[in-house]
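Student: Could we take a close look at one part of this model together? I would like to go through its nonpolar packing with you.

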Amino acid sequence: MDRDELMTDDFKKCVDFHGHICGGLVFGYKAANAALEWLKENRAQDEELVAIVENDACGVDAVQVLTGCTFGKGNFIYKDYGKLAFTFFSRKTGQGVRISPKFRPNPSMSEEQKELFEKQRNNIATQEELARLEALKTKKAFEILGKPVDELFLITPAKVPIPEKARIEPSTQCTRCGEPAMSTKMETIDGKKVCQGCLDGNN
């Protein structure tokens, strides 16, 4: 398939939301599509689906766009494990699926791409080098986009229980900053309710 065939309307929506094409976005896109197919579900309008992501990288944007699982609905759960893995649940059927990349000991980046990436990270890349790096990243992304799902992922039934639905709790005024905060997220210090922002020194 050429690039035009791979650029489906759904993928374009993910690119528009994320801002650019990259391999990470493609992984999230293909994982989310695989999950919807496995669960036999469509995009969630409310909390019909739940997504648990184990990283905060590019792919999670595609997960939100395709599945309708978002922070705002409370059905998008982030766990900071640093793993490119995703778990999805259907509340209608009670079924869940975990999708993780197959381990590859060989680095996926070419030597040229690694060299350019290091220059970008150290802020010494020229505009020409940055453009070349972007072209290489896009080329790699389309290569991944064209691969079959079973070549990229391990797909197994989920082994963890379905998370509870998001709960709306009343707010309480913080005794330090005066701002309202969800009461269940506050700490009681010397008999007074204090928000996490004040405890972390951010307010």
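Student: Leaving out residues up to four places away in sequence, which residues does Phe 11 touch?

Tutor: Happily! Keep in mind that this is a predicted model. With those sequence neighbours set aside, Phe 11 touches Leu 6, Ile 21, Leu 25, Val 26, Tyr 29 and Leu 145. Now to the setting of these contacts. Phe 11 belongs to the largest nonpolar core, which has 37 residues, and it is listed with Val 63, Phe 88 and Ile 99 as having the most contacts inside that core. Helices and strands both feed into this core: the elements giving two or more residues are the helices H2 (9–18), H3 (23–39), H4 (59–67) and H6 (127–145), together with the strands E1 (49–53), E3 (86–90) and E4 (96–101). Of these, H3 gives the most, with 10 residues. Another core lies apart from this one; it has six residues, including Met 186, Val 194, Cys 195 and Cys 198. As a general point, nonpolar side chains in soluble globular proteins tend to be buried together.

For contrast, follow the chain to the loop between H3 and E1, where Lys 40 is placed. Lys 40 is not a glycine, yet its phi is positive, at about 55°. Its relative accessibility is 74%, so Lys 40 counts as exposed, the cut-off being over 50%. Asn 123 makes a nice companion case, in the loop between H5 (111–121) and H6. Asn 123 also has a positive phi, near 55°, in a residue other than glycine. Asn 123 counts as exposed because its relative accessibility is 72%.

Key
Residues numbered from 1 in each chain as written. Predicted model: local features only at pLDDT ≥ 70, side-chain atom pairs only at ≥ 80, totals over all residues. Heavy atoms only, no water. Core = buried A, V, L, I, M, F, W, Y, C linked by side-chain atoms within 4.5 Å. Buried < 20%, exposed > 50% of the residue type's maximum accessible area, 1.4 Å probe, protein only. Helix = DSSP H or I, 4+ residues; strand = E, 2+ residues; numbered from the N terminus. Contact = heavy atoms within 4.5 Å.
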